[in-house]
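Student: I would like to go through this model by asking how each label is earned. Could you set each value against its cut-off for me?

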Amino acid sequence: CHLRLGVADQVGGGIYLGWSDAVVEACVISGNLSGNRGGGIFTEGGDPLIQDCVITGNWGYSGGGVCFGGTGTSLLRACTVAGNLGSYGGGLRAYSSSPFVLERCIVWGNCSFIAGDEIYASVGELRCCVVDSTGVDGSTHNVTYDEYCRFTDPAFCDPSGCGWTVNGDWTLEAGSICLAENSPCGER
């Protein structure tokens, strides 16, 4: 599915998952706007799985691409979170009671006005991800990386800058560290 150009006054410009164990799979979530949390996706409670999604060009005050709120553990698997914009957590924001796990994800090229271009979170775990760690607000936060994480440009074909847009080609160039044949995990 393609969720584009959605607008929400408060939370979840593209998708709002309230107390849900839903699975969101193989979606393009781009160009959405939230006046508060989660420009692309906002989760509140439950244990949702977001898998094989491209989350780009969204804007939200807190969590431009994705915002995890409430309790439960949210899991993003094999997702691209890029080119999103927010004040706190351009790519991803998770509140203190909202632990998250990212597996085989790309979190790169997001922007924030205040803190955490890529991730602004209290607690989270990244497994076999490609992330720009300079954009992870970790001064007082506990975001951990496993030994398979990489901190190098994923080599998108034609990325757009950060902002509220549906533009950009977020596929990967040949030779990208994120392709299965080049990944230390052997899969994307």
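**Labels and the values behind them**

Student: What makes Cys162 count as partly exposed?
Tutor: Its relative accessibility is 26%. Buried would need a value under 20% and exposed a value over 50%, so Cys162 falls in between and is partly exposed. Please keep in mind as we go that this is a predicted model.

Student: How do you know that Cys111 and Cys162 are joined by a disulfide?
Tutor: The S to S distance for Cys111 and Cys162 is 2.0 Å. The label asks for two cysteine sulfur atoms within 2.5 Å, so this pair qualifies as a disulfide. The torsion about its S-S bond is 70°, and the link is right-handed. It connects distant parts of the chain, with Cys111 in strand S18 (residues 111-115) and Cys162 in the loop between strand S24 (156-158) and strand S25 (169-172), 51 residues apart. Cys111, at 29% relative accessibility, is partly exposed.

Student: Why is the link of Cys128 and Cys185 called a disulfide?
Tutor: Here the sulfur atoms are 1.6 Å apart. That meets the requirement of lying within 2.5 Å, so the pair counts. The torsion about the S-S bond is about 130°, so this disulfide is right-handed. Cys128 sits in the loop between strand S20 (123-127) and strand S21 (130-131), and Cys185 in the segment after S25, so parts 57 residues apart in sequence are tied together.

Student: Is Cys128 buried or exposed?
Tutor: Cys128 has 10% relative accessibility, and the cut-off for buried is under 20%, so Cys128 is buried. Its partner Cys185, with a relative accessible area of 28%, is partly exposed.

Student: What makes Cys1 and Cys27 a disulfide?
Tutor: Their sulfur atoms are 2.4 Å apart, and the limit is within 2.5 Å, so the bond is assigned. With 85° about the S-S bond, this link is right-handed. Cys1 belongs to the segment before strand S1 (2-4), while Cys27 belongs to the loop between strand S4 (23-25) and strand S5 (28-30), so the disulfide ties together parts 26 residues apart in sequence. Cys1 is exposed at 52%, and Cys27 is buried at 6%.

Student: How many disulfides does a search of the whole structure find, and what is their pairing?
Tutor: The search finds three disulfides. With the bonded cysteines numbered in sequence order, the pairing is 1-2, 3-5, 4-6.

Student: How do you know that Cys178 is in no disulfide?
Tutor: The nearest cysteine sulfur to that of Cys178 belongs to Cys128 and is 9.1 Å away, whereas a disulfide needs sulfurs within 2.5 Å. Cys178 is buried, with 4% relative accessibility.

Student: Why is Cys157 left without a bond to Cys178?
Tutor: The sulfur of Cys178 is the closest one to that of Cys157, but the distance is 12 Å, too far for a bond. Cys157 is partly exposed at 36%.

Student: Let us turn to charges. What makes Glu103 and Arg77 a salt bridge?
Tutor: Their closest N and O atoms are 2.9 Å apart, and the cut-off is within 4 Å, so the pair is a salt bridge. Glu103 lies in strand S16 (residues 100-103) and Arg77 in strand S12 (residues 74-77), so the contact ties together parts 26 residues apart in sequence. Glu103 is buried at 15%, and Arg77 is partly exposed at 23%.

Student: What makes Arg127 a salt-bridge partner of Glu103 and of Glu125?
Tutor: For Glu103 and Arg127, the closest N and O atoms are 2.7 Å apart; for Arg127 and Glu125 they are 2.8 Å apart. Each distance is within 4 Å, so each pair earns the label. Through shared partners, Arg77, Glu103, Glu125 and Arg127 are joined into one network. The structure holds three salt bridges.

Student: Finally, why is Val7 called exposed?
Tutor: Val7 has a relative accessible area of 58%, and exposed means over 50%, so the label applies. Val7 lies in strand S2 (residues 7-8). Together with Leu5, Trp164 and Val166, Val7 forms a nonpolar surface patch with about 420 Å² of accessible area.

Key
Residues are numbered from 1 along each chain as its sequence is written. This is a predicted model: local features need pLDDT of at least 70, side-chain atom pairs count only at pLDDT 80 or more; totals for chains, interfaces and linings use all residues. Side-chain values use heavy atoms; hydrogens and water are left out. Helices (H or I, at least four residues) and strands (E, at least two) are DSSP runs, numbered from the N terminus. Buried means under 20% relative accessible area, exposed over 50%, partly exposed in between (1.4 Å probe, protein chains only). Patches are made of residues with over 30% relative accessible area and no salt bridge: like charges are joined within 9 Å, nonpolar side chains (Val, Leu, Ile, Met, Phe, Trp, Tyr) within 5 Å. Accessible areas come from the Shrake-Rupley method with a 1.4 Å probe; for residues, only the protein chains shown count as cover. A salt bridge is a side-chain nitrogen of Lys or Arg within 4 Å of a carboxyl oxygen of Asp or Glu.
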